[in-house]
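Here is a friendly briefing to read alongside the model. Take a moment to load the structure, and then follow the notes topic by topic.

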Amino acid sequence: MCTSIAMKTNDFYFGRTMDLEYNFNECVVFTPRNYPVPFRKMGMMKRHYALLGMATVMNGFPLYAEAANEKGLCIAGLNFPDNAYYPPDEKENCSNISPFELILWLLGKCASVQEAKELLATTHFIHIPFNSDTPLAPLHWHIADRESSFVLELTKDGTGVFDNPLGVLTNNPAFPFQLTNSCQYMNLTANTPSNCFSVDVGLKPFGQGLGSFGLPGDFSPASRFVKASYLALNSVCEEDEQSSIAQFFHLLDSVSMVRGSVVTKENRYDLTLYSCCINADKGIYYYKTYSNNQLSAVCMGRENLNGCKIKKFPLRTTQQIAWMN
């Protein structure tokens with residue numbers, strides 16, 4: 001169960017919580033422009049935009065969970081079980097792509113949301129697992145730049161491309177339901193609430209925050225969608241980098257999962273493995289892990305964008321403490 005958010009202050013920021021009950025050998029991965037990327041049906045992409053994000057690298061292929069390219073286009077894949085459907089057959093006159101190739105396909109070729117939509121119009125997704133031991137994950141995708149964002153969903157009904165004015169995505173149900181469900185919370189306000197109960201009863205708020213009474217706080221996808229959207233849309237912070245980063249991680253923390261709060265059917269614990277915030281304008285990837293609250297960062301601009309080898313940055317998972325004495 002994950003939550004992704006797009007936010008703009010002076011710069012554009014994009015990130016997510018990765019909520020899972022297991023690690024997937026994840027690390028921060030930088031893919032330079034000249035690293036050859038092989039596609040199962042579309043040949044080799046020898047040159048492309050540089051990428052930075054969280055991935056596991058298998059047989060030299062970076063399987064990104066989320067990433068941004070050097071142009072500021074961002075993508076995150078979020079769990080979409082029972083709904084995701086990838087057809088088995090190729091389609092003529094289209095680029096046939098496996099879902100595990102999607103992030104590299106779009107970020108390697110597209111500089112904006114508009115270009116991504118245009119490329120998707122001629123892209124057909126086909127059920128090709130990475131290998132026999134690595135099946136395709138059921139996903140939908142949050143795709144954003146500093147101007148707008150949209151959601152891509154592949155179901156038995158076909159390919160859905162939905163503009164996302166809220167800039168937030170979680171897991172099931174499908175995105176159209178999430179928008180409809182949000183209408184139930186139109187009464188929420190960050191301000192002191194007015195008395196709509198009765199004009200004949202002089203009710204007054206007995207404390208601060210009563211305008212948000214009814215804001216869901218559980219860990220279900222629909223509730224996290226509403227909570228993250230409400231907080232993101234009412235977010236107020238300074239325009240500078242430090243304030244923006246701090247605010248972004250506060251938004252993610254509001255929907256992060258504590259070990260033990262959600263137990264799966266396999267008796268395992270869902271928790272927030274990591275949270276990340278990407279300054280997509282500057283190409284900086286910030287993250288923290290469940291066991292290390294201190295922020296770590298990787299800057300794309302400090303790497304050789306024209307290189308031909310990927311670079312992996314192992315996660316810092318041991319708690320870092322700034323001692324004061």
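Helix α1, residues 102–109, has seven of its eight residues buried, so it is largely enclosed by the rest of the structure. Please keep in mind that this is a predicted model. The notes below start with the helices, move on to the sheet and a loop residue, and end with the largest pocket.

**Helices α1 and α2**

- The buried residues of α1 are L102, I103, L104, W105, L106, L107 and G108.
- In helix α2, which spans residues 113–120, the buried residues are V113, A116, L119 and L120. Looking down the axis of α2, you will find these buried residues within an arc of 120 degrees, so they line one face of the helix.
- What lies over that face? The cover of the buried residues of α2 includes α1, β10 (123–125), β11 and β12 (149–155).

**The open sheet**

- Six strands make up an open sheet with antiparallel pairing, and their order is β14-β1-β2-β15-β16-β17.
- At the edges sit β14 (168–169) and β17 (292–299), each of which pairs on one side only.
- Strand β1 (residues 3–8) runs antiparallel to β2, and six bridges join the two. A hairpin of three residues leads from β1 to β2. If you would like a residue pair to select, M7 has Y13 of β2 as its bridge partner.
- On to the next pairing: β2 and strand β15 (residues 271–279) are antiparallel and share eight bridges. Here T17 has S275 of β15 as its bridge partner.
- Strand β16 (residues 284–289) pairs with β17 in the antiparallel sense over five bridges. Y287 is matched with S296 in β17 as its bridge partner.

**Strand β2 from both sides**

- Is β2 enclosed or open? Nine of the nine residues of β2 are buried, so this strand is largely enclosed by the rest of the structure.
- F12, F14, R16, M18 and L20 point one way from the strand, while Y13, G15, T17 and D19 point the other way, and all are buried. Note that R16 and D19 are on this buried list, pointing opposite ways from β2.

**F24 in a loop**

- F24 belongs to the loop between β2 and β3 (27–31).
- Why does F24 count as buried? Its relative accessible area is 17%, and buried means under 20%.
- Leaving aside residues up to four places away in sequence, F24 touches M18, T56, A65, L273 and Y274.
- One of those contacts, L273, is 249 residues from F24 along the chain, and the C-alpha atoms of the two are separated by 10.0 Å.

**The largest pocket**

- The largest pocket holds about 1300 Å³ of space.
- How many residues line the largest pocket? There are 43, and those nearest its centre are L20, Y22, A137, P138 and L139.
- By class, the lining has 27 nonpolar, eight polar and eight charged residues.
- Several elements each supply at least two lining residues: β2 (12–20), β6 (51–58), β7 (61–69), β8 (74–79), α1 and β11 (139–144).
- Strand β2 gives the largest share of the lining, with four residues. This makes β2 a handy thread through the model: it is a strand of the open sheet and a contributor to the lining of the largest pocket.

Technical notes
Residues numbered from 1 in each chain as written. Predicted model: local features only at pLDDT ≥ 70, side-chain atom pairs only at ≥ 80, totals over all residues. Heavy atoms only, no water. Buried < 20%, exposed > 50% of the residue type's maximum accessible area, 1.4 Å probe, protein only. 1 Å grid on protein atoms, 1.4 Å probe; cavity = no way out; pocket = protein on both sides within 12 Å on 5 of 7 lines; lining within 4 Å. Points joined across faces, edges and corners; volume = space filled by probe spheres on them. Nonpolar A, V, L, I, M, F, W, Y, C, P; charged D, E, K, R; others polar. Arc of directions from axis to C-beta. Contact = heavy atoms within 4.5 Å. Pairing = 2+ DSSP bridges.
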